[in-house]
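Dear colleague,

Please find below the structure that I am handing over for your use. My findings follow directly after it.

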Amino acid sequence: MTTNHAISRRTLARGALLGSATALLAPAGAAPAGASTAGPAGVPLRLPAPTGPHPVGLRTVHLTDPSRTDPWVGGVREVMLTVLYPARTVRGCPRAPQLSPTAAGIFADYAPLVHPGLPEPGEVDWGAVLTHGHVDAPPLPGRRPVLLYSPGGGDSRTLGTSLAEDLASHGRVVVLVDHPGDATQVELPGGMRTTVLFGPPDPATFRTMVDTRVADLRFVLDRLGDLPTASVTDPRRLGAYGHSAGGTAAVYAAHDDARIRAVANLEGYLDLRPLDAPDPFGRPLLLFRSEGFEGAARIDSSWAGLRAHRAVLRRGGHGAFTDYGALVPQLHAAGLVTDAARAALVGTGDPAPTRAALRHRVGDFFERSFRS
């Protein structure tokens with residue numbers, strides 16, 4: 001069942017939608033290639049190009065899981081996926097927008113409430129931001145690793161586009177998974193589904209969020225053979241990564257499912273339920289946090305004692321692991337984000353080396369993991 005929520009901005013403001021990204025982590029107790037988006041100053045917003053040798057293809061997939069009931073609205077559980085992969089050619093295949101016009105309008109309303117400091121509605125045309133994924137491009141032949149991505153709490157899968165495109169351009173199939181219910185907006189075939197959460201989630205709600213995400217990820221693993229990239233995927237090389245609540249979910253999914261051979265946690269707490277220490281699941285684990293994250297003490301505590309590869313994103317903030325790492329500095333330069341908001345959202349570092357460090361660390365981790 002798909003639910004459409006017609007919610008006014010006044011209602012959203014009263015509800016203090018989702019609190020902040022930290023609150024979600026820590027519960028209490030087809031467009032032309034040259035298109036761009038601009039604010040009033042006319043400064044274009046662009047996602048950075050991937051660095052790998054392959055162009056990137058893109059498919060959008062809708063799946064239903066008749067074995068599960070949606071915990072938020074009832075009915076059969078649905079998920080939406082964006083599948084990115086190295087393409088044989090992109091001739092005649094348009095670049096996909098990051099958001100459809102409908103989704104962009106909803107995102108514009110929710111964004112400054114989920115992440116205070118982002119521009120107010122009407123200041124940015126989010127629907128004109130292009131990805132580097134070419135719609136329905138034919139995949140490059142070969143057998144490739146598959147990486148599943150779970151976004152941060154309150155974020156849709158589209159905010160993981162830049163890192164996913166880079167991973168795909170280096171020869172992987174990347175599946176961005178949306179989790180309807182806690183994501184601000186998910187465009188399903190039956191209509192737009194918006195979040196059911198208002199205010200910081202209590203511990204029980206947060207657990208439902210993560211448990212639902214874990215089940216979503218395992219369901220997608222079950223259905224990899226039905227995806228349009230099935231002929232080019234290697235089921236022996238499956239990985240997962242996630243940001244914030246998505247990082248939490250990725251680790252617990254790997255803990256519960258041995259098919260996941262490596263997992264990268266981008267700043268997600270691991271104190272939801274006990275993990276076997278020092279080695280949670282006998283497979284490679286990357287624990288990656290930012291230098292500027294205000295929850296660093298709890299991150300360190302919840303990661304203590306675990307055997308893992310560890311990294312710190314220097315001068316980065318919590319949002320630097322997502323597309324905000326590229327977009328917020330551009331908004332800041334255009335005068336649409338304050339100095340304080342920029343620092344709080346993505347840190348103070350130069351976005352280019354910060355992005356390069358993120359891409360290299362995550363890509364190298366999975367490359368090494370799948371060699372072993």
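In which sense do strand β7 (residues 144-150) and β11 pair, and over how many bridges? The two strands pair in the parallel sense, and six bridges join them. Please note that this is a predicted model, and that the values in this message are computed from it.

**Strand β11 and its partners**

Strand β11 covers residues 233-243, and eight of its 11 residues are buried. On the side of β7, Y149 stands opposite Y241 in β11. β11 also pairs with strand β12 (residues 262-266), again in the parallel sense, over five bridges. In that pairing, A240 stands opposite V263 in β12. Between β11 and β12 the chain passes through helix α6 (residues 245-256), and the resulting β-α-β crossover is right-handed.

**Aromatic contacts**

Y149 and Y241, which face each other across β7 and β11, also belong to an aromatic cluster. The other members of this cluster are F365, F366 and F370.

How many aromatic pairs does the count give? It comes to seven. One aromatic pair is formed by F107 and W126, with 5.0 Å centre to centre and 85° between the planes, an edge-to-face arrangement. This pair links distant parts of the chain: F107 lies in helix α3 (residues 101-114), while W126 lies in the loop between α3 and β6 (130-135), 19 residues apart. Both F107 and W126 are buried.

F288 and F321 form another edge-to-face aromatic pair, with 5.3 Å centre to centre and 75° between the planes. Here too, distant parts of the chain are linked: F288 belongs to strand β13 (residues 285-290) and F321 to the loop between β14 (309-313) and α8 (324-333), the two being 33 residues apart.

Are F288 and F321 buried or exposed? F288 has a relative accessible area of 2%, and F321 has a relative accessibility of 3%. Buried means under 20% relative accessible area, so F288 counts as buried, and so does F321.

**A charge over a ring**

Finally, there is a contact between a charged group and an aromatic ring. The charged end of R298 sits over the ring of Y269, at 4.2 Å from the ring centre.

Yours sincerely

Note on methods. Residues are numbered from 1 along each chain as its sequence is written. This is a predicted model: local features need pLDDT of at least 70, side-chain atom pairs count only at pLDDT 80 or more; totals for chains, interfaces and linings use all residues. Side-chain values use heavy atoms; hydrogens and water are left out. Rings of Phe, Tyr and Trp (its six-membered ring) pair if their centres lie within 6.5 Å; planes under 30 degrees apart count as stacked, over 60 as edge-to-face and the rest as tilted. Helices (H or I, at least four residues) and strands (E, at least two) are DSSP runs, numbered from the N terminus. Buried means under 20% relative accessible area, exposed over 50%, partly exposed in between (1.4 Å probe, protein chains only). A charge sits over a ring if NZ of Lys or CZ of Arg is within 6 Å of the ring centre and within 35 degrees of the ring normal. Two strands pair if DSSP finds at least two bridges between them. A crossover is right-handed if, with the strands pointing away from the viewer, the path from the first strand over the helix to the second runs clockwise.
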